[in-house]
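The following exercises concern the reading of annotated positions, burial and helix packing from a structure. Please work through each task before consulting its solution.

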Amino acid sequence: MAPAGLACFDFDWSLIETDSDRFVIEYLSPALRKKLDERAMQWTDLQNECLKEFHEQGGSSQLVRESLTKVPMDSDMIKTCHLLYERGWDLAIVSDANSVYIESILEHYGIRHLFSAIVTNPAFWDAEGRLHIHRLTPADVPHGCPLGVCSLNICKGQEVDKLVQQRLGPNSANGSTLKMLYVGDGQNDYCPALRMKNPEDLYFVRKGRSLEKYLEKNSAAKDALPSRIVYWSSASDILKTIQ
Ligand SMILES: [Mg+2]
Ligand SMILES: [Zn+2]
């Protein structure tokens, strides 16, 4: 049976109340935090490099796992996920974080089972207890998104296209659309919003962050959105809107 709709969530500062990459590194070591702020590398590669350094200096995987249990999430966001799931929506995450952080945090809050897809940078623990993080889209095979707001390692729009096609199946060719909602805060959450085709689709744009600023500055980009924009500050705004 087709889902009632597809609900896509960005992860950092959308589903959770922090940036998981930054949160973990700051928890692990002040020296690595400095490295993060200097940002001399592509973001995903920089995370991988910081975790490599942490491991080489004797840092334990236990501390990384512990940090992931401290990541804050709003209880109204958890309620929102449960409510959509109970109504038959398909829930997906499209994120520039990584699979280990996202899986661990969702499991910590007991909501991993609510999500049918997690599209993000792949991460894994090796036998020595070091966490590796790779780019979803490798440097040698660029995604080629022409929009200019997507990170090198992920075009969230192309990833949402794949999610929609998987759910519509053969119907994707005959002009069928899927009811959708999207929750985001960053500029790279603009591209996927162009995949929502219905005026009743909901685009939740977090107030005070780079996505809102991008839409303020680019009225043409804002006008190109077919969906309804709902500005939100806290998860309770989203919960009230869908209730
Ligand atoms: Mg975000
Ligand atoms: Zn894109």
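The exercises below refer to this predicted model.

**Exercise 1. Determine where D10, D12 and D185 lie relative to each other, and describe the surroundings of D10 and D12.**

Solution.
Step 1. An unreviewed UniProt entry gives the annotation "binding site" to D10, D12 and D185.
Step 2. These positions are spread over 176 residues of sequence, yet they cluster in space, with a largest C-alpha distance of 8.2 Å.
Step 3. D10 is placed in the loop between β1 (5-9) and α1 (11-15), whereas D12 belongs to helix α1.
Step 4. A residue counts as buried if 20 or more other C-beta atoms lie within 10 Å of its own. D10 has 25 such neighbours and is therefore buried. D12 has 22 and is therefore buried too.
Step 5. Neighbours within four places in sequence are left aside when contacts are listed for D10. The contacts of D10 include L15, V94, S95, V183, G184 and D185; G186 and D189 are also in contact with D10. With residues up to four places away again not counted, D12 touches D19, S20, S95 and A97.

**Exercise 2. Establish whether D21 and D96 are close together or far apart in space, and characterise each residue.**

Solution.
Step 1. The unreviewed UniProt entry lists D21 and D96 under "binding site".
Step 2. The two span 76 residues in sequence, but their C-alpha atoms are not more than 9.4 Å apart, so they gather at one spot.
Step 3. D21 is located in helix α2 (residues 20-28), and D96 is located in strand β2.
Step 4. D21 is buried because 22 other C-beta atoms lie within 10 Å; D96 is buried because 25 do.
Step 5. Beyond four places in sequence, D21 touches Q47 and A97, while D96 is in contact with N121, S151, I154 and N188.

**Exercise 3. Decide whether D90 is buried or exposed, and identify its contacts.**

Solution.
Step 1. D90 lies in strand β2.
Step 2. Within 10 Å there are 22 other C-beta atoms, so D90 is buried.
Step 3. D90 is 85 residues from G5 in sequence, but the C-alpha atoms of the two are 6.1 Å apart.
Step 4. Residues up to four places away being excluded, D90 touches P3, L6, A7, S116 and R167.

**Exercise 4. Describe the largest nonpolar core and the contacts of F204.**

Solution.
Step 1. The largest nonpolar core comprises 58 residues. Those with the most contacts inside it are L6, A7, C8, Y182 and F204.
Step 2. Strand β2 (residues 89-98) provides the largest share of this core, namely 6 residues.
Step 3. Apart from neighbours within four places in sequence, F204 is in contact with L181, Y182, V183, V230, W232 and I238.

**Exercise 5. Classify the packing of helices α6 and α12.**

Solution.
Step 1. Two packed helices are described by the angle between their axes and the distance between the axes.
Step 2. The axes of α6 (residues 75-86) and α12 (residues 235-242) come within 8 Å and cross at roughly 25 degrees.
Step 3. Angles under 35 degrees count as roughly parallel; α6 and α12 are therefore roughly parallel to each other.
Step 4. Their crossing is left-handed.
Step 5. On α6, the contact is made by D76, M77, K79, T80, L83 and L84. On α12, the contact is made by A235, S236, I238, L239 and I242.

Key. Residues are numbered from 1 along each chain as its sequence is written. Chains are lettered from A and ligands numbered from 1 in the order in which they are written. This is a predicted model: local features need pLDDT of at least 70, side-chain atom pairs count only at pLDDT 80 or more; totals for chains, interfaces and linings use all residues. UniProt positions are given in the numbering used here, feature names are shortened, and annotations may be inferred rather than shown by experiment. Helices (H or I, at least four residues) and strands (E, at least two) are DSSP runs, numbered from the N terminus. A residue is buried if 20 or more other C-beta atoms lie within 10 Å of its own, exposed if 12 or fewer, and partly exposed in between; C-beta atoms are placed from the backbone. Two residues are in contact if their C-beta atoms, placed from the backbone, lie within 7 Å. A nonpolar core is a set of buried Ala, Val, Leu, Ile, Met, Phe, Trp, Tyr and Cys residues joined through C-beta atoms within 7 Å. Axes are lines fitted to C-alpha atoms, for helices over the stretch in contact, and angles run from 0 to 180 degrees between N-to-C directions. Angles under 35 degrees count as roughly parallel, over 145 as roughly antiparallel, 65 to 115 as roughly perpendicular and the rest as oblique. A crossing is left-handed if the near helix is turned anticlockwise from the far one by less than a right angle, and right-handed if clockwise.
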